[in-house]
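The following exercises concern a ligand site and a histidine in one protein model. Please work through each task before reading its solution.

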Amino acid sequence: MKADRASHTADFAAAIRATYQYRPEKVLHEDPFAIDLTSPLFRFIVKTPFLRRLIMEKYFLRRLGASLTILSRARYAEEYFHNAYRQGIRQVLVLGAGLDAFALKFAALPETLAIYELDHPNTQATKQQRLAARQLRSPHQHHFIPIDFSRDSIADVLSGSTIELSRPVYVSWMGMTYYLRKSDILETLKALDRILAPGSHMTFDYMDERLFDDTFLVTDPVLKKSIKVFFEFTEKHGEPLLTGFSKSSLKELLEETNWTLTDSINGRENTAKYLHTTPDFLWPTEFDHLAHIELQPHETPS
Ligand SMILES: C[S@@+](CC[C@H](N)C(=O)[O-])C[C@H]1O[C@@H](n2cnc3c(N)ncnc32)[C@H](O)[C@@H]1O
């Protein structure tokens with residue numbers, strides 16, 4: 001992350017969600033707040049029909065596989081949240097929340113939630129300014145907790161919060177694992193394993209580890225270019241891509257914890273699940289993945 005500014009990728013993700021709200025079908029994900037939460041430049045582009053079509057739809061939505069992931073990961077996180085809510089979970093941890101609208105949604109739920117957003121302080125400061133400027137308020141208890149995942153312990157930062165660790169929590173960790181070192185991902189999973197109650201759930205997305213392998217050849221030239229652009233864009237903005245997994249390497253990592261993998265789906269499968277046909281402006285790939293894990297009870301020494 002570059003010093004003193006919000007995450008560029010968070011601005012970009014909000015801009016993609018804002019663009020999608022202009023599509024007539026909107027079946028994948030609804031986010032009426034994204035336009036207010038993205039940067040002034042993206043807001044201008046998205047609100048200007050000619051620029052929206054040229055830059056956001058024709059370029060980003062159509063040519064960058066990550067765009068579809070941004071929409072489908074938000075949908076996936078919300079679906080699993082609803083399952084968790086039905087099971088009685090009322091506490092939500094949003095790791096690397098960025099400029100997402102999770103805390104602004106679900107006003108119609110019979111019971112309010114305690115939502116804890118953990119993110120880099122620069123991104124959080126920008127989000128809080130934008131929420132205040134637009135007078136957007138969460139219908140839930142909404143807490144901001146600053147953290148740098150590459151430096152701070154999540155257990156320490158949560159210990160100073162009002163979260164009730166004896167009760168299960170739903171955790172959404174979207175758009176972030178690939179910006180962290182594998183050791184930091186494992187550390188976070190282990191810390192959450194230690195402090196959260198069994199029955200807690202988590203959803204996150206991960207990139208395919210083959211994309212981090214220099215010897216892996218992407219044969220489709222359009223896909224190859226899209227991947228190159230994504231790596232360069234994130235590097236240029238101080239958020240280099242560092243880590244990917246396969247389903248089996250992810251399972252291996254989770255074996256060091258009490259989290260078990262209950263679902264892992266790639267962009268293509270996900271598109272087929274949510275959309276009956278692939279729209280011509282979105283582009284699913286097999287290199288982006290969504291996962292759901294559940295925290296099992298800790299073994300007690302006999
Ligand atoms: C691509 S955005 C994802 C935002 C949101 N979850 C979404 O799906 O739109 C990445 C987020 O990770 C956060 N982030 C990246 N590296 C971080 C770090 N080391 N510590 C804390 N937050 C970090 C950024 O601040 C940003 O909000």
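**Exercise 1. Determine which residues come nearest to the ligand, and describe its polar contacts.**

Step 1. Around the ligand there are 22 residues, of which Arg17, Gly96, Asp119, Thr123 and Met174 come nearest; a residue is near if one of its heavy atoms lies within 4 Å of the molecule.

The model is predicted: local features need pLDDT of at least 70, side-chain atom pairs count only at pLDDT 80 or more, and totals for chains, interfaces and linings use all residues. Residues are numbered from 1 along each chain as its sequence is written, and side-chain values use heavy atoms, with hydrogens and water left out.

Step 2. A polar side-chain atom of Asp119 lies 2.7 Å from a ligand oxygen atom, and a side-chain N or O atom of Arg73 is 2.9 Å from an oxygen atom of the ligand. For Met174, a backbone N or O atom lies 2.7 Å from a ligand nitrogen atom.

Step 3. Taken alone, the ligand exposes 590 Å², and the protein buries 94% of that (Shrake-Rupley method, 1.4 Å probe).

**Exercise 2. Decide whether His29 is buried or exposed, and locate its side-chain partners.**

Step 1. His29 is found in the loop between α1 (8-20) and α2 (34-37); helices are DSSP runs of H or I with at least four residues.

Step 2. His29 counts as buried because its relative accessibility is 5%, where buried means under 20% (1.4 Å probe, protein chains only).

Step 3. The side chain of His29 makes a polar contact of 3.2 Å with that of Glu78 and one of 3.4 Å with that of Lys105. Such a contact is a pair of N or O atoms within 3.5 Å; within protein, one must be able to donate a hydrogen and the other to accept it, and residues adjacent in sequence count only if both atoms are side-chain atoms.

How values were computed
Helices (H or I, at least four residues) and strands (E, at least two) are DSSP runs, numbered from the N terminus. Buried means under 20% relative accessible area, exposed over 50%, partly exposed in between (1.4 Å probe, protein chains only).
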